[in-house]
Amino acid sequence: FTATTTGAITMSSSSNSPQIQSYYSQQKQSSTKRQLPSRQPRKFGASLIVLGIVVLWSIYSSTNFFSSLIAVYNDDNEHSSCNSETAASALPPIHVMFGLSGNHPGFLHEFQVALKSVLLHTPMERDLYIHVLADGIAYPTLDQVYNNTQLCSWRTRNPISLYSYDVSSHLPWLKEEIAKTFHNFDNETNAESLVWGATGVHTIGVFFRLLVNRIVPFDQGQVLYMDTDVIIMSNLEALWQEAESSPQALFHWGTSMTAGFVVMDLEQIGDIWTLVQNVSILDIQNISKRFEQQVNDQLLYRVVNVTHPKRVHILSAGWDMSATAKWRFKYQPYGEKSPNLGMLHYNGGGSSKEAYWDKGHALMNDFNDTWGQGWYMIQLPWTWARYQAQSVIRPHTKGYAMNLTSFDENSRSTNFCQKLHHHHHHQQQQQQEKERSRMKHFNLTNITATTSNSTTVTTPQQWSLRNRTHSNRTILPPLNATRAKNAALE
């Protein structure tokens, strides 16, 4: 990727992982240009020659001149098809990331809904990269998630790549940073206790966003972090234009200072640790008390917001619809006071790992016309979502197949769709081998039965039963053992 505009994505010069860097280099070399419809220039000189020939031929053969002219015009249009490729848009791609820890079905269900909402609201003229950072428990579950959602069968308007990373090898460093940052908070000095206190309510997955610059091989551009209980309601192009309007900001979020929806600058993410660790633990405790904020990932961002406000950009209210902040009466009616809605953050989390909408919260029911609109994305079948994505493919182009690549703990890459194809092919081969083995056994059994009796092999009733058991084969009973033996030899 080239830095053609502000915020464009470029390949990292620092080596996050040699294997991942090599993979991305190969992807960049083999990437294709965006398919945009365009007409080939008509060759007027050739058209005039053809037209002259047609006129002469029409006069000579006494045929209708206008019919011939129309035929030439239609033929010209047919050959100027819209399948040519032009240069891709100079707009930088969009990066979205999730952090997953554990394998509870509730938050995995939330993740699928959030992922669906991102896929259906990707900008019309930008590529999309989705990064899923998962621990050693969540990572193995992703294959089943991608299989259930049938993402390998999707075709989209612009290239979409979904990368999954096993971050297990990075967890010791992450825990060390957490313990260092909150050391001596409320007089606690034990590193293990500090880490547990920061990740006890929410999982350690919420801190994975602060690993993204160490894992994803890009060091420039913006990346959106989303909690799994966030549903995108509007096209992400509007959000990206807001973020690109303040390219120097360390991160972008709403006035409610909710860390479940934050756009971060990839090049500066490491500064979050540095800035907070340079603040005295007493000041951190005061900020925690001021906002009634527990020790977790959100406290880090609030400390930066308070101590370095010029490095933070505030998003418009439409990208700050968080349930914990906007449930109050002063924000109602939501349709009037939040007319430009971009997302809904249901703030599930807590000690329960069930999906927010599976816990019977009243917000979606009491405000069915606003907060209840999330039900559409929750209940939308993945097959219907796939067709919605397909319906905006450029005319006369085939669109792009999704790229699903996983990187294990040792940064070895696997293409999920290829692996799934090989798995299905292997299953078909096994099924065919079982069928051949069954039919071979059936034939041998039949020969043994026919040769055991010199006069009558089996009764008609027995042959009828056998034919019903093996309905896919029609076998006529031999008249005698000699004929059966000869048939077997043939």
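Which side chains meet in a salt bridge with an N to O distance of 2.5 Å? In this predicted model, that salt bridge is formed by the side chains of K419 and D143. K419 belongs to helix α18 and D143 to helix α5, so the contact ties together parts that lie 276 residues apart in sequence. Both partners are partly exposed: K419 has a relative accessibility of 37%, and D143 one of 26%. The following paragraphs describe the sheet, then the disulfide, and then further salt bridges.

The sheet is open and consists of nine strands, arranged in the order β9-β7-β8-β5-β1-β2-β4-β12-β13 with mixed pairing. Its edges are formed by β9 (312-314) and β13 (413-415), each of which pairs on one side only. On average, and with direction ignored, neighbouring strands are turned by 25 degrees against each other. Helix α9, spanning residues 236-244, packs on this sheet and touches β1 (94-100), β5, β7, β8 and β9. The direction of helix α9 makes an angle of about 125 degrees with that of β5.

Both kinds of strand pairing can be followed in detail. Strands of a sheet pair through backbone hydrogen bonds, in either a parallel or an antiparallel manner. A parallel arrangement is found for strand β2 (residues 128-134) and strand β4 (residues 160-166), which are joined by seven bridges. Within this pair, I130 stands opposite L162 of β4. An antiparallel arrangement is found for strand β5 (residues 222-226) and β8, where the number of bridges is five. Strand β7 (residues 251-253) also runs antiparallel to β8, to which it is joined by two bridges. Residue V263 of β8 takes part in both of these pairings, as the bridge partner of L224 and as that of H252.

Strand β8 (residues 261-265) merits separate description. Five of its five residues are buried, so the strand is largely enclosed by the rest of the structure. In a regular strand, side chains alternate between the two faces of the sheet. In β8, F261, V263 and D265 lie on one side and V262 and M264 on the other. The residues on either side are buried, and both faces of the strand are thus covered. In the order of the sheet, β8 stands between β7 and β5.

The structure contains one disulfide. A bond of this kind is a covalent link between the sulfur atoms of two cysteines. The residues concerned are C152 and C417, with an S to S distance of 2.2 Å. The angle about the S-S bond is -95 degrees, and the link is left-handed. C152 is located in the loop between α5 (142-149) and β3 (155-156), whereas C417 is part of helix α18 (residues 416-451), so the disulfide ties together parts that are 265 residues apart in sequence. The two cysteines fall on either side of the 20% cut-off for burial. C152 is partly exposed, its relative accessible area being 27%, while C417, at 19% relative accessibility, counts as buried. Helix α18 therefore contains C417 of the disulfide as well as K419 of the salt bridge to D143.

Across the whole structure, nine salt bridges are found. One of them joins the side chains of E125 and R394, with an N to O distance of 2.9 Å. E125 lies in the loop between α4 (105-119) and β2, and R394 in the loop between α17 (382-390) and β11 (400-401), so this pair ties together parts 269 residues apart in sequence. E125 is partly exposed, with 29% relative accessible area, whereas R394 is buried at 3% relative accessibility. Together with R157, E125 and R394 are linked in a network of salt bridges.

A further salt bridge is placed within a single helix. K180 and E177 both lie in helix α6 (residues 171-181), three residues apart, which is about one turn of the helix. The closest N and O atoms of this salt bridge are 3.3 Å apart. K180 is partly exposed, with a relative accessible area of 45%, whereas E177 is buried, with a value of 8%.

Notes: Residues numbered from 1 in each chain as written. Predicted model: local features only at pLDDT ≥ 70, side-chain atom pairs only at ≥ 80, totals over all residues. Heavy atoms only, no water. Buried < 20%, exposed > 50% of the residue type's maximum accessible area, 1.4 Å probe, protein only. Helix = DSSP H or I, 4+ residues; strand = E, 2+ residues; numbered from the N terminus. Pairing = 2+ DSSP bridges. Axes fitted to C-alpha atoms, helices over the stretch in contact; angles between N-to-C directions. Contact = heavy atoms within 4.5 Å. Disulfide = S-S within 2.5 Å. Salt bridge = Lys/Arg side-chain N within 4 Å of Asp/Glu carboxyl O.
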